[in-house]
Amino acid sequence: MACTNNNEATLFSPYKLAKFNLSHRVVLAPMTRCRAINEIPNDALMEYYVQRSTPGGLLITEGTLISPTAPGFPHCPGIYTDEQVEAWKKVVNAVHSKGAVIFCQLWHVGRASHTVYQPGGGAPISSTNKPISNRWRNLLPDGSYGKYPAPRALAAHEIPAIVENYRQAALNAIRAGFDGVEIHGAHGYLIDQFLKDGINDRTDEYGGSLTNRCRFLVQVVQSVATAIGADRLAVRISPAIDHLDASDSNPLELGLAVVHSLNKLQTELCSQLTYLHVTQPRYVAYGQTETSRNGSEEEEAHLLRTLRKTYQGSFMCSGGYTRELGMEAVALGDADLVSYGRLFISNPDLVERFKVNAPLTKYVRKTFYTQDPVVGYTDYPFLGTENSNRMVLARL
């Protein structure tokens, strides 16, 4: 889909996304919430997604683990065991009963993990043996933060097994009733650790050139698309973000290499992916006040628009968008869809609030990654039910 100027399009215009008829373009972004005790989706998790479901709306789940080596946070849901699949069925059915569409984000954190999360206390796997720097903190199961340990670089012969983990997880997601899956290739996690030359120091067929660094992502996408269909598959990337030391010497060149690879795959598969999801560098973690970015705002805007114009399909953007910025992105043709994270945490009825331009409830960051099944999770108010003594309202 080419980038076109359509001043009639807004966040609230219908959109045909592959085989899905969306009634608006406000998407729930994938966000780690740490409420799936022992990696099993539960009733609290179900309520959280149901609260944010709207007829014809699109939800993307939090990062969902594809294997026992995938976690790097406590109590994230998995999609690699039968028990997890059965638990997700209840969530998906409840979301569908509200008329919403839901995609499962498939996630492996790679070196962004710790030995406490790994089978047998082993080293996390990655494209490299280099650890994440002390600039970043690792959330541990007891709620404390620790240093990231040195990872173990995957041997080339081990990589097909990881690709198979993604393929099987995608099949499991479809078995659970999900409408599709999003491959998490962003934010310094495993796939991004292969893409970025600031991390990838390999000298084999998975390192060095752009073609080699994109190879792992291409293999994952091709395998998953063959298993479940390209029209039920999306990809998320963040070429300009250096979260978890995931920097690249030329983010625009990297982004274009990924886009060209996906365009080529779509041609070979005779089918478009559901969407490409690109995160803007306004994305921040751990409450940092500075953005996690690799260039000026002008360079970043140019990168996003270049990827948008080059990618042959539906395009979603995310990363610090307000209502106004989202409206602008859609009106200018910079994106077809806009995903929202933190604002959706504290405003379960964000779509309605955006429609009437109502005040927004302020999120409480310290409750983002707790295990409480209610506080900071499902207790944020809907319009007309706010308790002014409990939350501070702020119009954005």
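A salt bridge is a side-chain nitrogen of Lys or Arg within 4 Å of a carboxyl oxygen of Asp or Glu. The exercises below apply this and a few other cut-offs to a predicted model.

**Exercise 1. Decide whether D192 and K196 form a salt bridge, and state whether each residue is buried or exposed.**

Step 1. The N to O distance between the side chains of D192 and K196 is 3.0 Å, and the cut-off is 4 Å, so the two side chains meet in a salt bridge.

Step 2. A residue counts as buried under 20% relative accessible area. D192 has a relative accessible area of 1% and is therefore buried, and K196, with a value of 0%, is buried as well.

Step 3. As background, side chains of opposite charge can pair when their charged atoms come close.

**Exercise 2. Describe the salt bridge of K90 and say which parts of the chain it links.**

Step 1. The partner of K90 is D43, and the closest N and O atoms of this salt bridge are 2.9 Å apart.

Step 2. K90 belongs to helix α2 (residues 82-97), while D43 belongs to helix α1 (residues 43-51), so that the pair, 47 residues apart, links distant parts of the chain.

Step 3. K90 has a relative accessibility of 45% and counts as partly exposed, and D43, at 48%, also counts as partly exposed.

**Exercise 3. Find the salt bridge partner of R202, and place both residues in their accessibility classes.**

Step 1. R202 forms a salt bridge with D204, where the closest N and O atoms are 2.8 Å apart.

Step 2. R202 counts as buried at 10% relative accessibility, whereas D204, with a relative accessible area of 24%, is partly exposed.

Step 3. To put these pairs in context, a search of the whole structure finds 12 salt bridges, but the structure holds zero disulfides.

**Exercise 4. Work out the surroundings of C317, beginning with its strand and then turning to the neighbouring strands.**

Step 1. In strand β13 (residues 315-318), F315 and C317 point one way while M316 and S318 point the other way, and all are buried. For C317 the relative accessibility is 0%.

Step 2. Strand β12 (residues 275-279) runs parallel to β13, and four bridges join the two. The residue that stands opposite C317 in β13 is V278.

Step 3. Strand β14 (residues 337-340) is also parallel to β13 and is joined to it by three bridges, and in β14 the bridge partner of C317 is V338.

Step 4. From β13 the chain crosses through helix α8 (residues 323-331) to β14, and this β-α-β crossover is right-handed.

**Exercise 5. Identify the residues with the most contacts inside the largest nonpolar core, and follow one of them outward.**

Step 1. The largest nonpolar core has 100 residues, and those with the most contacts inside it are L106, Y166, I183, F216 and Y340. Helix α5 (residues 210-228) supplies the largest share of this core, namely eight residues.

Step 2. When neighbours within four places in sequence are left aside, the residues in contact with L106 include T64, I66, I79, Y166 and I183.

Step 3. Another core, of 13 residues, lies apart from the largest one, and among its members are F20, V27, I60 and F103.

**Exercise 6. Place T61 in the model, and compare its separation from E83 in sequence and in space.**

Step 1. T61 lies in strand β4 (residues 58-65) and is buried, with a relative accessible area of 0%.

Step 2. Residues up to four places away in sequence not being counted, T61 touches several others, including P30, Y49, W88, F103 and F178.

Step 3. T61 and E83 are 22 residues apart in sequence, and from C-alpha to C-alpha they are 18 Å apart in space.

**Exercise 7. State where N38 and D245 lie, and whether each is buried or exposed.**

Step 1. N38 has its place in the loop between β3 (26-28) and α1, and its phi is near 60°, a positive value in a residue other than glycine.

Step 2. D245 is found in the loop between β11 (233-237) and α6, and its phi, near 65°, is likewise a positive value in a residue other than glycine.

Step 3. N38 counts as exposed at 60% relative accessibility, whereas D245, with a relative accessible area of 18%, is buried.

Terms used:
Residues numbered from 1 in each chain as written. Predicted model: local features only at pLDDT ≥ 70, side-chain atom pairs only at ≥ 80, totals over all residues. Heavy atoms only, no water. Disulfide = S-S within 2.5 Å. Buried < 20%, exposed > 50% of the residue type's maximum accessible area, 1.4 Å probe, protein only. Pairing = 2+ DSSP bridges. Right-handed = clockwise from strand over helix to strand, strands pointing away. Core = buried A, V, L, I, M, F, W, Y, C linked by side-chain atoms within 4.5 Å. Contact = heavy atoms within 4.5 Å.
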